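Please open the structure in your viewer and keep the selection tool at hand. The stops below follow one another, each with a selection to make and a note of what is found there.

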Amino acid sequence: MELFSAVNPRLFSILNCPNQSIYASIIIELYTYIDELTDKNENTKENVKDKIYHILSSKALYIWDDDFASDTKARANSIYNRLKNDGWIFEEQQENFEYQVNFYDAPRRIIESLISIQNNESVPYSGIVTSIRNKLDNLNPNKDLLEIMEMIHSDIKKMSVELKRLRSNIYTYYEGIIK
């Protein structure tokens, strides 16, 4: 599957504009807000727009005037519409004719990665190594070896990714010392 056939081609434009830090901040806060709602009727279109309005109101954000209207309420509506049009969120009409708002799957994954990067999170190496070791220690030739080997292969791939991240971070650290 090609990447841009799976997502809206404008999806990344929000993160590549003069107001990218504003959008990223709003997207992350909105994602957290929607995910924490307990009553599914709480993430209505109006509540989500109000949340964007409160995010804009509570922060001293420098906004490039090219992207947004002049007052905060109009800016919140503009941001909401851009998130919808660029494929971040969708509206689903409910029985009561209100619209429930949620994030599409691909943007959810992107947001989770952004949050992980922002929080400097990583998978502990010891957990991956322990998982591989336990699978090898408990290897039973009478069980489905192919399935077990696939799980071990998946864990080794995770470890490889983590080691590449570590290498990248070490390089960045040394680069900072040298400069």
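Begin by selecting I27, I28, Y31 and D35 in α2, which meet R108, I111, E112, L114, I115 and Q118 in α5. Of the residues in this contact of α2 with α5, six are nonpolar, one is polar and three are charged. The model on display is a predicted one.

Next, show the two helices as ribbons. Helix α5 covers residues 105-118, and its axis comes within 10 Å of the axis of α2, the two crossing at roughly 110 degrees. Because angles of 65 to 115 degrees count as roughly perpendicular, α2 is described as roughly perpendicular to α5. The crossing in which α2 passes α5 is left-handed.

**R108, within the same contact**

Select R108, which belongs to helix α5. Is R108 buried or exposed? Its relative accessible area is 18%, so R108 is buried, the cut-off for that class being under 20%. Display the side chains of R108 and D35: they make a polar contact at 3.1 Å. Apart from neighbours within four places in sequence, R108 is in contact with Y31, D35, N102 and F103.

**N43, in a loop**

Move now to N43, in the loop that joins α2 (20-36) to α3. N43 has a relative accessibility of 4% and therefore counts as buried. Which residues surround N43, once its neighbours within four places in sequence are left aside? The contacts of N43 are I34, L37, V48, Y99, Q100 and V101. With V101 still selected, show its backbone oxygen, which is 2.5 Å from a polar atom of the N43 side chain.

**Helices α3 and α4**

Select residues 45-58, which form helix α3, and residues 72-85, which form helix α4. These helices pack with their axes 9 Å apart and at an angle of about 120 degrees. With that angle, α3 is oblique to α4. The crossing of α3 past α4 is right-handed.

To see the residues involved, select K45, V48, K49, D50, I52, Y53, L56 and S57 on the α3 side, and T72, K73, R75, A76, N77, I79, Y80 and L83 on the α4 side. By class, this contact of α3 with α4 holds eight nonpolar, three polar and five charged residues. V48 links this stop with the previous one: V48 is also in contact with N43.

Between these two helices, select S70, which is placed in the loop between α3 and α4. S70 counts as exposed, because its relative accessibility is 67%. For a sense of scale, draw a distance line from the C-alpha atom of S70 to that of P9: the separation is 28 Å, for two residues 61 apart along the chain.

**F97, between two strands**

The following stop is F97, in the loop between β1 (89-93) and β2 (99-103). F97 is exposed, with a relative accessible area of 64%. Inspect the backbone here as well. Most residues other than glycine have a negative phi. F97 is not a glycine, yet its phi is positive, at about 70 degrees.

**Helices α6 and α7**

Finally, select residues 125-137, helix α6, together with α7; they pack at an angle of about 160 degrees, and their axes are 10 Å apart. How are α6 and α7 oriented relative to each other, roughly parallel or roughly antiparallel? They are roughly antiparallel, since angles over 145 degrees fall in that class. The crossing of α6 past α7 is left-handed.

On α6, the residues to select are Y125, I128, V129, S131, I132, K135 and L136; on α7, they meet I148, M151, I152, D155, I156, K158, M159, E162, L163 and L166. The contact of α6 with α7 divides into 12 nonpolar, one polar and four charged residues.

Keep I152 selected from this group; its helix, α7, runs over residues 145-178. I152 counts as buried, because its relative accessibility is 5%. Not counting residues up to four places away in sequence, I152 touches I132, K135 and L136. To close the tour, draw a line from the C-alpha atom of I152 to that of E42: these residues are 110 apart in sequence and 42 Å apart in space.

Conventions: Residues numbered from 1 in each chain as written. Predicted model: local features only at pLDDT ≥ 70, side-chain atom pairs only at ≥ 80, totals over all residues. Heavy atoms only, no water. Axes fitted to C-alpha atoms, helices over the stretch in contact; angles between N-to-C directions. Helix = DSSP H or I, 4+ residues; strand = E, 2+ residues; numbered from the N terminus. Parallel < 35°, antiparallel > 145°, perpendicular 65-115°, else oblique. Left-handed = near helix turned anticlockwise from the far one by under 90°. Contact = heavy atoms within 4.5 Å. Nonpolar A, V, L, I, M, F, W, Y, C, P; charged D, E, K, R; others polar. Buried < 20%, exposed > 50% of the residue type's maximum accessible area, 1.4 Å probe, protein only. Polar contact = N/O pair within 3.5 Å; in protein donor to acceptor, adjacent residues only side chain to side chain.
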